[in-house]
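Here is a quick tour of a protein model, meant to be read with the viewer open. Let's start from a single residue and work outwards.

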Amino acid sequence: MELLTQRLTLRVVSYRDSNVLLQILNHPKVSHYNDYGKSLTLQDIKAMIQSDLELFYQGIGVRFILLKEGSVIGSIGLFDYQQSSAEISMGYELSPEHWNQGYMREAATCLINSLHHILPKALIAQVNAKVAPKNVRSINLLKYLGFELKQDKYRLNLS
């Protein structure tokens, strides 16, 4: 599955993305704000991709690779689907050399607008995002997308 924006292609993650995801997630500026830890191994990345693929095949999650002119610049995904409350969480990471150029805004808007196409089996009424309090860029992105801070999470109601 692929989604297209004005400048990006979003395609479902695959094992061929392991090395570049390892570089992005272990970059000090990225790992400072994520909850994966600061020293992921290639094995960790492959296990993460396996989990993402399983969620996608079950129809309850996905990780998309962000491609700009054929090069991987980051990823964005949906995970932790809660059927009982119709909630899903969103997470993302972008290589620092592509920060402040609107790429994640473009990708996140596309992802949210395509939720029912991407995960047709999942009934989703709310998207959640957990962000480090000092991650101003992500907080500003989520606010732009319409998320509101409630109980230490940013939440976007779709209903």
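## From one buried residue to the pocket

Ile76 sits in strand 4, which covers residues 71-82. Keep in mind that this is a predicted model. Is Ile76 buried or exposed? With a relative accessibility of 0%, Ile76 counts as buried, because the cut-off for that label is under 20%.

What does Ile76 touch, once residues up to four places away in sequence are set aside? Its contacts include Leu10, Val62, Phe64 and Leu66, and also Met90, Gly91, Tyr92, Met104 and Leu111. As for distance, Arg7 is 69 residues from Ile76 in sequence, and the two C-alpha atoms are 15 Å apart in space.

Over in strand 5 there's Ser89. Ser89 has a relative accessible area of 12% and is buried too. Beyond its neighbours within four places in sequence, Ser89 is in contact with Gly77, Leu78, Phe79, Asp80 and Asn128.

Now for the strand pairings. Here they are side by side:

| Strands | Sense | Bridges | A facing pair |
|---|---|---|---|
| Strand 1 and strand 2 | antiparallel | three bridges | Leu3 and Leu10 |
| Strand 2 and strand 3 | antiparallel | four bridges | Leu10 and Leu66 |
| Strand 6 and strand 8 | antiparallel | four bridges | Asn128 and Arg155 |
| Strand 7 and strand 8 | antiparallel | three bridges | Leu149 and Tyr154 |

Leu10 is worth a click: Leu10 stands opposite Leu66 in strand 3, and Leu3 stands opposite Leu10. Both Leu10 and Leu66 are also among the contacts of Ile76. Asn128, which faces Arg155 in strand 8, is one of the residues that Ser89 touches.

Two of these pairings are hairpins. Strand 1 and strand 2 have four residues between them. The hairpin of strand 7 and strand 8 has two residues between its strands, and there Gln151 takes a positive phi near 55°.

On to helix 6, residues 136-145, where Ser138, Ile139, Leu141, Leu142 and Leu145 are buried. Why do they end up on the same side of helix 6? Because they cover an arc of only 160° around the axis. As background, an α-helix has 3.6 residues a turn, so residues three or four places apart point the same way. Val136, Lys143 and Tyr144, on the other side of helix 6, are exposed.

What do the buried residues of helix 6 pack against? Their partners are strand 5 (87-94), helix 4 (103-113), strand 6 (126-129) and strand 8 (153-157). Right after helix 6 comes Gly146, with a positive phi near 100°.

Last stop is the largest pocket, at about 1000 Å³. It is lined by 41 residues, and those nearest its centre are Gly91, Tyr92, Glu93, Asn135 and Ser138. Some of these names have come up already: Gly91 and Tyr92 touch Ile76, and Ser138 is one of the buried residues of helix 6.

Which strand gives the most to the lining of the largest pocket? That's strand 5, with six residues. Among the other elements that supply at least two residues each are helix 3 (42-58), strand 3 (62-68), strand 4 and helix 6. By type, the lining of the largest pocket splits into 19 nonpolar, 12 polar and 10 charged residues.

Methods
Residues numbered from 1 in each chain as written. Predicted model: local features only at pLDDT ≥ 70, side-chain atom pairs only at ≥ 80, totals over all residues. Heavy atoms only, no water. Buried < 20%, exposed > 50% of the residue type's maximum accessible area, 1.4 Å probe, protein only. Arc of directions from axis to C-beta. Contact = heavy atoms within 4.5 Å. 1 Å grid on protein atoms, 1.4 Å probe; cavity = no way out; pocket = protein on both sides within 12 Å on 5 of 7 lines; lining within 4 Å. Points joined across faces, edges and corners; volume = space filled by probe spheres on them. Nonpolar A, V, L, I, M, F, W, Y, C, P; charged D, E, K, R; others polar. Pairing = 2+ DSSP bridges.
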